[in-house]
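Visitor: I would like a close look at a single part of this structure, taken slowly and with its surroundings kept in view.

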Amino acid sequence: MATTRSTRRKANKTAAQVVVVGSFNQDHVWQTARFPQPGETRLGRFSTGPGGKGFNQAVSAARQGAATLFVAAIGRDPLGDAAMALAKSERIDGRWQVVAGEPTGTAAILLDAQAQNMIVVAPGANAVLSPAQIEAQRADLEAAQVLLTQHEVHPAASLRAQSIARAAGVLCIHNPAPPLDGGGDALISGADVLTPNETEFAALIAARDGDSVDADALLALDDDALHALCRRLPTTTVVLTLGARGVFVSHADPAARNDSAAHYRLPAEDVRAVDTTGAGDAFNGGLAAWLALHPQRPFREAVQYANRVAGLAVESHGAALAVPRADEVRKRFG
């Protein structure tokens with residue numbers, strides 16, 4: 001059984017520019033020099049903090065200056081209470097489906113000395129986010145500039161949000177993470193902008209065409225070959241994040257995104273990474289915020305800005321709380 005805790009928007013309140021439908025997880029992080037082998041015990045350091053792809057992305061969008069609404073499901077427990085308080089402190093308009101009988105989502109994160117991570121997520125309440133909770137936010141979805149979705153909540157909820165947004169002409173960004181069995185075809189097809197990393201991209205190609213694509217091999221492909229692979233996905237724009245290798249952008253129609261080239265690469269920013277957890281989420285939130293705030297500017301500028309947000313995020317430990325604010329991005333990169 002679930003109840004909805006939603007505060008009605010006052011008539012003079014600023015409408016949300018970015019709506020994020022996604023997960024909240026409490027992250028439990030263990031740092032160790034190297035990952036343990038099966039059966040091995042290693043010593044490390046422990047910390048905990050807020051996360052979840054949806055929440056990380058909502059924090060990123062809000063910290064870049066976009067009025068942000070976050071739709072999510074949490075348990076009736078202390079972690080859920082903390083999520084609501086934190087969203088409020090970040091000036092995020094939270095619309096919470098509070099679920100009795102399911103815990104707030106959690107994630108176990110292992111982090112090694114090279115800033116690489118391994119993650120296991122227990123979805124909890126995230127898995128039962130309902131289309132009804134989405135439908136209750138219809139007016140906000142229709143008034144937004146950008147909708148951002150991922151794969152950490154029930155697909156039916158994300159699909160309902162995408163359907164409402166598309167009908168209203170709202171730009172739909174979908175981050176296909178973590179990979180789903182079958183690839184999540186409906187969400188992929190409904191997205192205007194798709195933002196996989198190399199692992200997620202390889203999984204999408206395999207699910208769609210049955211081709212085995214090695215994620216590491218993608219890094220060696222030239223731009224024309226990578227563009228051809230991107231065009232096999234039914235999405236107008238693919239933004240492929242490649243970690244230290246930067247970002248590759250592929251458009252079916254560059255003019256539709258105010259760009260001049262059908263495909264191009266942007267290098268990673270020169271930063272000192274200490275924790276890559278949540279870097280992709282920082283990127284997605286930054287991308288959504290820039291596109292909402294500057295809809296007529298070239299798409300390339302949005303990707304460059306998102307790249308900078310993600311770059312600064314990896315210089316700090318944590319996920320949501322590692323995301324830089326807009327003034328920090330401007331101070332570092334101009």
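Leaving aside its neighbours within four places in sequence, which residues is F299 in contact with?

Guide: This is a predicted model, and what follows should be read in that light. Once its neighbours within four places in sequence are left aside, F299 is in contact with V193, T237, V239, V249, H251, R257, N258, D259, Y264, L287 and L291. F299 also belongs to the largest nonpolar core, a set of 51 residues in which F55, F70, W96, I173, L287 and F299 touch the most other members. The largest share of this core, 9 residues, is contributed by α11, the helix that spans residues 299-313. A second core, separate from that one, has 20 residues, with V21, L129, V153 and A157 among them.

Following helix α11 onward, one finds that it packs against helix α12 (residues 326-333) at an angle of about 95 degrees, the two axes lying 10 Å apart. Since angles of 65 to 115 degrees count as roughly perpendicular, α11 and α12 are therefore roughly perpendicular to each other. On the α11 side the contact is made by Y305, R308, V309 and L312, while α12 brings A326, E328, V329, R332 and F333; by character, the residues of this contact divide into 6 nonpolar and 3 charged, with no polar ones.

To return to V21, named in the second core, this residue lies in strand β2 (residues 18-21), where V19 and V21 point one way, V18 and V20 point the other way, and all are buried. Strand β2 runs parallel to strand β5 (residues 68-75), joined to β5 by 4 bridges, and V21 stands opposite V71 there. β2 also pairs in the parallel sense with strand β9 (residues 146-149) over 4 bridges, where L147 is the bridge partner of V19.

Key
Residues numbered from 1 in each chain as written. Predicted model: local features only at pLDDT ≥ 70, side-chain atom pairs only at ≥ 80, totals over all residues. Heavy atoms only, no water. Axes fitted to C-alpha atoms, helices over the stretch in contact; angles between N-to-C directions. Helix = DSSP H or I, 4+ residues; strand = E, 2+ residues; numbered from the N terminus. Parallel < 35°, antiparallel > 145°, perpendicular 65-115°, else oblique. Contact = heavy atoms within 4.5 Å. Nonpolar A, V, L, I, M, F, W, Y, C, P; charged D, E, K, R; others polar. Core = buried A, V, L, I, M, F, W, Y, C linked by side-chain atoms within 4.5 Å. Buried < 20%, exposed > 50% of the residue type's maximum accessible area, 1.4 Å probe, protein only. Pairing = 2+ DSSP bridges.
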